[in-house]
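Please work through the following exercises with the sequence and the coordinates at hand. Each task is followed by a solution in steps.

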Amino acid sequence: MSEIKEIYLHNYKKPAFSIKKINLKFELFEQYSLVTSTMQIQKNESDEKHLRLDSIDLELVSLYINDLRVDESRYIIEDESLTILNVPATFTIKINNKIYPQNNTELEGLYKSGDIFCTQNEPEGFRRITPYLDRPDVMSVFTTTVIADKNKYPVLLSNGNKKESLETTDGRHSVTWFDPHKKPSYLFALVAGDLGSINDTFVTATGENVELNIYCDKGNEAKCDHAMKSLKEAMTWDEEKYGREYDLEIYNIVAVDSFNMGAMENKGLNIFNSAYVLADTDTASDVNFMGIQSVIAHEYFHNWTGNRITCRDWFQLTLKEGLTVFRDQCFSADLNSKEVQRIEDVKSLRERQFVEDASPTSHPIQPKSYISMNNFYTATVYEKGAEVIRMIHTLLGEENYRKATDLYFKSFDGQAVTTDDFLWAMSEASGVDLTAFKNWYHQSGTPKLAVSENFTKGTYSLTLTQTVPNTVDGKEQKAFYYPLKIALLDAKGKELVNEMLTISKDTETFVYKDLEKKPVLSINRDFTAPIIIEQENVDFAFLIQHDTNSFIKYEAAQSFAVETIEAMIQGSQINPAFTESFGKLLSLDIDLSYKALLLELPSVSTLMQRQEEVDFEPIYEAKEKLTKHLALVYEEKLLSLYAESHQTDAELDSLSMGKRSLKNRVLRILCGNETQALAELTRKQYEESQSMGDRVVALDILENSHPEFAQVAHANFYSKYKDQTLVMNKYFAILASSHREGTLDRVQALQNDEVYDEKVPNLVRSLIGVFARNYKHFHAKDGYGYSFVCEKIIEIDKINAQMASGLAGAFKIYTRMNAQNKALMKKELEKIAATKGLSKNTFEIINKILK
C-alpha cells in the first residue's frame, strides 16, 4: 500500500505552473507502449523552484528541457511523482516513458479491454500514462498522435478533430488529433482497435454539420442504433433547453467491455461501458434501453457541464456531476413519463443515497477530505447533488433558472471553477439569496421534518420541526434551507391550498384561516426536498384515492404498505384497510408504467432503513406473507390484468413498455402464491416472449419459486447467450440474488464458469456485487456470506482496487446491524484491515466503517 495521505479541501493551493500546450505521441506495441510528451510550461505567480509532476508506475526513458537532456542528478523519482529541480520560468519539457497497458488490471490510465487499447483518466489516471500536473485546474490544448499496426488497429482515435492520417512502410499507420478547447488531463482519451461502427450526422441549430460515430466490437453494430438515436435526441434537447450547441466537427463514442464506470465524457471521444451502448430487443430489457438513453445523454451534457466548464479541484465534483445528473433526469422525463421518471429517481436516491447518509461513510455533496478520490463517485455526490440542483431550480423557477445557467456558461466558459461560482451565477441572475442554501453543499446526512397539526375554530396551524443529524464524528449541524410544496385537501380531495413553503429554521409554523373543517395535508409534493417526513395518523387510503399529485399517491401507497409490514413484524394481522386500498389500485385506469409502480411493495432496503437495529429475517418473512395474501385475495383480478397486458412482442413504444411493466409486476405478486398453474404461466412467458425483460423476470421468478422449472430454463438461457457477455451479466445476477437455499454455494461455483472473468468489472458486479446486495444470504447468521465477500475483496484488491472498494461498500450498514451479525461482520472487516499491501481505496472505506 502506498503511503496513506488524507487530502483536505482547506489545503487547496493554486498550481505553481501551467501547461499551455501538450503534444503527445503514442507508439503502441503488443508488449509495451512508448509515450512522448512535449509540454510548454510556464511558471505562474509563484516562487516555486522545482516542478513536481504526478507519475505512477512509469518507466522513464529520457527527459529534455529546451532540447537539452536532463542529467539524472536534476530529477527525483518517487512512488507517485517525478520532480525536476531548478526549472526556469518558461520552458519546453520533453518526456519519453514506457508503459505496459496489457498488464494494467486497474483499468486506469491506458489499458487493454480485450484487443482494444483504451483509457480511463478520471480522476487520476493520466499520471499512469505520462508524468503530468494531473489535476483538474491545469487546463491545456492537446495534440495527440497515435501510431500502431494498421492490420490489428485500423481505428485510432483521440480527442478533438482529426488533423492528419499517415501510413508507413512497415505496416504501421498514424493518426493525429487536435482538440482546440483547453481541458484537464482527466478528459484525455485514446482508443485503438479493429472496431465496427455506425455513423450519422447532426446539424446544429446554427447549421454546423457534426459527424457522429459509435464504435464497438465487430458484429455488434446493429446494437448501437438506440444509442445513436438517444445521442441525437440529447443534442437537440440541450440546444432547446439550455441553448448549448456542440463545438467540434466529430463526436465519437466507443463501447468497451472492461470499464470501471458507466461511461466517461472525454472531450469528443466518450468511452462507454458496453452495457450503456449495446442493445437490441433480444438481448436488452426495457430498463436497459432506458438506461442507455439516460447515460448517453448524461455524457453528452457533460460537454458543457464538465468539459467546457470543469472543476477547480476534485472536492467540486458535484459541480459537474450533480448538475449533469439533474439535466439527464429532466431529459428522460421530457422524452418519457415525467411522473414515472420522478418516482424512479426518488427510489434510486432512497435505495442508495439515504443508506449512505445513514452510514459511517456519510459525507456532504462537497466532501471536506479524501484518501482516494475514487471513493467519492458516490450516490451522495451524484444523486443527492442532483436533488440540490433541483431545489435551486424550484426556488428560482424555470425562467430565472435558464437566465442563471446562461450567465454561468457565459461567465465561466473555459475555466475550472467551484460550487460557489455556480451559486453566484444562480443568485446573480435571479436575485434569490442562496447564502443559507449552501448548507446543502457542506453538511451531511438526511434531514427529517416532523409534522404537527392543529385545527381550532376554522384555523389550521402547521408546525414543522427540522431534525438535522450530527456528522459521523459527532458534530452538530445547522438547519437546512429548502423549498417544500404542500397542499391542503378537503374531504373530497379538492385542493383548498396549493403552495410552496420555504423551510429555513429549526421550527416554524404556517397558519391558514377560514377553513370549514380540518384539511388533509399533502406534504413534500413531487419530492421537492430530499428529506424524511415524520407524520403520525396519516390517512394513506384517502391520499391514495384522492390526491392528484402523482408522487404523493405513490408515497401514500408505499407508506401504507410499510406501516402494514412493520405492524406484521410486531405480531399484528394484515391490515384489512391496506388490502382494500390495494384492491382499488388494481382498478385504476391510469398510465400502465405508473400503475406498476403503485402496485410495488416496499423494498427490503426501504424497510431496513427504518429499523434502529437491522434484522433482515423478519422483514423477508413479513413481506413474503403479505405478497401471498394479496395474491390469494386478488388472484382473479391480477390474472385478468396479466391477460390484458400480456403480449409476446418486444416493441419499444410507451404503451408496450407500460404493458410489460404492469404485467411483470402483477406476475411477481401472483407468484407469491406458489401454485403449479402459476409456475406453468411463468414458464410459458419465458418460452414465448420475445422481450428480454419478460424472460429475465420469468427466469428470476422460476429461480426463487420453482427450481424444478428453473433448471431447464437456466440451461436454455445459458446455451443461447453464453457468448454474449452483457446477457450473461443478467444470468449471473439472477443466480446471485436468489433467495433459495444454497445460493452462496452456487455463487462460489459460478466463479469457475468459463464465461466468468474476475478482471471484467461488469462480471464481478453481476456475481459478487449482486450477492453482496442479497440481504438474505449475504447477512445470513452463519457469517459465511461475510467471509466469502471479505475474501473476494482482498483478492480483487490486488487486481483492481476500485472494484474492491466498491464491494467493501456492502459493509456500510455495519453500525446498525443486530449484535450477532455485527460481531460476525466486525471479524471480517478487521481481517481486511489487517491485510498487507491493501490499497488506499479499500483501506479508506474499511477504516471509516470500523471507526
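The exercises below concern a predicted model.

**Exercise 1. A three-stranded sheet**

Determine which strands form the edges of the open sheet with the order β28-β27-β30.

Solution. Begin with the pairing, which is antiparallel in this open sheet of three strands. Next, look for strands that pair on one side only: these are β28 (495-503) and β30 (520-523). From one strand to the next, the twist averages 25°. Strand β27 (residues 482-489) is joined to β30 by four bridges in the antiparallel sense. Within this pairing, L489 has V520 of β30 as its bridge partner. Finally, helix α5 (residues 379-396) packs on the sheet, where it touches β27 and β28, and its direction makes about 65° with that of β27.

**Exercise 2. Cysteines**

Establish how many disulfides the structure holds, and why C330 is not bonded to C311.

Solution. A disulfide is a covalent bond between the sulfur atoms of two cysteines. The cut-off applied to a pair of sulfur atoms is 2.5 Å. The closest cysteine sulfur to that of C330 belongs to C311 and is 20 Å away, so the two are too far apart for a bond. The count for the structure is zero disulfides.

**Exercise 3. Backbone geometry in loops**

Compare the settings of D67 and D526, each a residue other than glycine with a positive phi.

Solution. Take D67 first: its phi is near 70°, and it is found in the loop between β5 (59-65) and β6 (68-69). With a relative accessible area of 74%, D67 is exposed. For D526, phi is near 60°, and the loop is that between β30 and β31 (532-534). D526 is partly exposed, at 31% relative accessible area.

Notes. Residues numbered from 1 in each chain as written. Predicted model: local features only at pLDDT ≥ 70, side-chain atom pairs only at ≥ 80, totals over all residues. Heavy atoms only, no water. Pairing = 2+ DSSP bridges. Helix = DSSP H or I, 4+ residues; strand = E, 2+ residues; numbered from the N terminus. Axes fitted to C-alpha atoms, helices over the stretch in contact; angles between N-to-C directions. Contact = heavy atoms within 4.5 Å. Buried < 20%, exposed > 50% of the residue type's maximum accessible area, 1.4 Å probe, protein only.
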